[in-house]
Amino acid sequence: MRGKGKERGGGPSKKKGKKVAVAAKEPETFEELMEEGVKQEEKGERYGSDEKAERFYQRARELYGKAHEKKPLDADCLYNWGRILYILVNFVPIHSPFDVKLSLLEESIEKFRSAVMIDPDNADALFNLAQALTSQADVIHERDTDDLDQAIASYHEAVTSFERVYVLQQNELQDYEKKQSDSDNEEATTPTEATISGILTGGAVGSSKSLASTVTKPSLNNEQKLSNLEEQEVTETTPITTETLVDTLIAIAHTLSRLASLVESLEHAEKYYIQAIQKLEMALSLDVPSKESEIQHQWASVYSSQAERAYEETGSVEQVQRLYEIAVQKMNSVVKQDAGNVEAICDRGDLLTEYAHTLMKSVIVSKRDHELEQQEKIRELFDLATKSFSIAIELEPSNSSILEKLASLNFTMSLLPFPAMEKNKPELHKNALQYYKRALNTDKDNLDAYLSYALVMSHVPGKDGDDVVNTLSDFLERGGSKEFVEEWQLENQELLRSSAVGKNFVSRVIQTCFPKSINDILD
């Protein structure tokens, strides 16, 4: 079954060991270790993202490691081990050094690669290898490290693995449909035999987000045998569906788009964007109505990425606006189909914000005759983004991430260098402070929000003194560090450069929170 990606989907399928009677003792045999590992996973799934879930997953990780020592060449064990490592990435605290997440991803990739070496046609392992590689490249890319060559290589390998998965899925779907057709023909003449055939060749069709999942159940071990019968294996198969093919095509399009955003040559980038769109056209041609919204969602993401890359390379506002407008239309279509889809609503808000920021760059750089027209467009885009996130927060009132988005948008609008925005500054500052306060009430360990909250306060007369100091004190109390401040500065450098207060803010934070660091620098 498919692994849980950046953005959504269920976890990959689990390969189960032997069903044995478990005594009240530490599992010892390979079969016992595998079986107990699966049980721990299932317990973890029941707790979602809770701390208890992480403990169960860590226990499963330990058990699969021990099972691997018993049978180093067992592909199912390696697959399960890689799967657990990939799941544990989601439990890395958001403010941890990115090396922690990267290390888990590298371990996961290693296990999936080993499983594929043993079983080259294992679609589950291949799919999850591709997802882990994409996640690894995303982490490297988002950190703006100098190791972008590694990110590009990971995206390339991910695309190759996804493409192989698609071929395997197509073949499996064709085989399954042929068996079903043969069973239907047999049913017309010998119902009893057809029924038996159906039981042996398939089960219920799995969820639309699932790869084929195979659960191997070996027969009883020697101590449990009542006769000298040879061991047999019964395989339960969840067949591939057309929905599965669509999911894989969407995953390929996503990875191609990420790859296009990184490659040095614009010509190569355009080639990958075209390939991504072709994959989405293939997905649409499979005519799965339940998947159309996901296809359009990814399509909007591709156009958005292409617009951003085009502006970086050419500075052509006309081309950029054309691509962004198409992307916005597609996201509006997605939200219209599912008005309660919070993820889509937020993605639309992010898209509108990104569109506005790109136009802001063009206004600052060009100073052209239609600057006033562009200013109006920028204000409109920020307003639409705010409305989109406001709808999302009504659906999820305690979502701190959405609250931060609203706070950031209001503060960003207060910094716009447009005469028409000057009179709105007090109200925008007030909104930003309220949203950050709500975000911190929801998540008191959100270090980003403390710094951003203090930054807004620094721009508000009457709040730029003790209120800032008290907020920074809370930041320290919750585990804030000088290294974290430096990382936050990198992530918010454009915002900090937008005002004189912002340019001096980080120095103020360092001086307030870590005065010794300032003295060391001066010495």
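A residue is called buried here when its relative accessible area is under 20%, exposed when that area is over 50%, and partly exposed in between. With this scale in hand, the predicted model can be read from its aromatic pairs outwards.

A search of the whole structure finds seven aromatic pairs. One of them joins Tyr47 and Phe56, whose rings are stacked at 5.7 Å centre to centre with 25° between the planes. Neither partner reaches the buried class: Tyr47 has a relative accessible area of 36% and is partly exposed, and Phe56, at 22%, is partly exposed as well. The value for Phe56 is to be read against the limit of 20% under which a residue counts as buried.

Another stacked pair is formed by Tyr324 and Tyr355, with ring centres 4.7 Å apart and planes at 15°. The planes count as stacked because they are under 30 degrees apart. This pair links distant parts of the chain, as Tyr324 belongs to helix 11 (residues 317-337) and Tyr355 to helix 12 (residues 342-366), with the two positions 31 residues apart in sequence. Tyr324 has a relative accessible area of 0% and is therefore buried. Tyr355 is likewise buried, at 0% relative accessibility.

Aromatic rings also meet charged side chains in this model. The charged end of Lys111 sits over the ring of Trp81, 4.4 Å from the ring centre. Lys111 is part of helix 4 (residues 98-118), and despite its charged end this lysine is buried, with a relative accessible area of 7%. Leaving aside residues up to four places away in sequence, Lys111 touches Leu78, Trp81, Gly82 and Leu85. Trp81 thus appears both as the ring under the charge and among the contacts of the lysine.

A second arrangement of this kind involves Lys330 and Trp299: the charged end of the lysine lies over the ring, at 4.4 Å from its centre. Lys330 is also touched by Gln296, whose contacts beyond four places in sequence are Leu284, Lys330 and Val334. Gln296 is located in helix 10 and is buried, with a relative accessible area of 10%.

Helix 11 holds a further glutamine, Gln319. Unlike a buried residue, Gln319 is partly exposed, at a relative accessible area of 27%. Gln319 touches Ala310 and Thr314, again not counting residues up to four places away in sequence. Gln319 also lies 7.4 Å from Ala307 in space, C-alpha to C-alpha, although 12 residues separate the two in sequence.

Which residue other than glycine takes a phi near 55°? That residue is Asp287, and the value is positive. Most residues other than glycine have a negative phi. Asp287 is placed in the loop between helix 9 (266-285) and helix 10 (292-314), and at 60% relative accessibility it counts as exposed. A positive phi, of about 105°, is also taken by Gly479, just after helix 17.

Helix 17 itself (residues 466-477) has 12 residues and reaches 16 Å from its first C-alpha to its last, close to the 16 Å expected at 1.5 Å a residue. Its buried residues are Val468, Thr471, Leu472 and Phe475. These buried residues cover an arc of only 100° around the axis, so they lie on the same side of helix 17. What do the buried residues of helix 17 pack against? Their partners are helix 16 (447-458), helix 18 (482-491) and helix 20 (500-513). On the other side of helix 17, Asp466 and Glu477 are exposed.

Finally, the cysteines deserve a brief look. The structure holds zero disulfides. Cys77 is buried, with a relative accessible area of 0%, and Cys346 is buried at 12%.

Technical notes. Residues numbered from 1 in each chain as written. Predicted model: local features only at pLDDT ≥ 70, side-chain atom pairs only at ≥ 80, totals over all residues. Heavy atoms only, no water. Helix = DSSP H or I, 4+ residues; strand = E, 2+ residues; numbered from the N terminus. Expected span 1.5 Å × (residues − 1). Buried < 20%, exposed > 50% of the residue type's maximum accessible area, 1.4 Å probe, protein only. Arc of directions from axis to C-beta. Contact = heavy atoms within 4.5 Å. Phe/Tyr/Trp six-rings, centres within 6.5 Å; stacked < 30°, edge-to-face > 60°. Lys NZ or Arg CZ within 6 Å of the ring centre and 35° of its normal. Disulfide = S-S within 2.5 Å.
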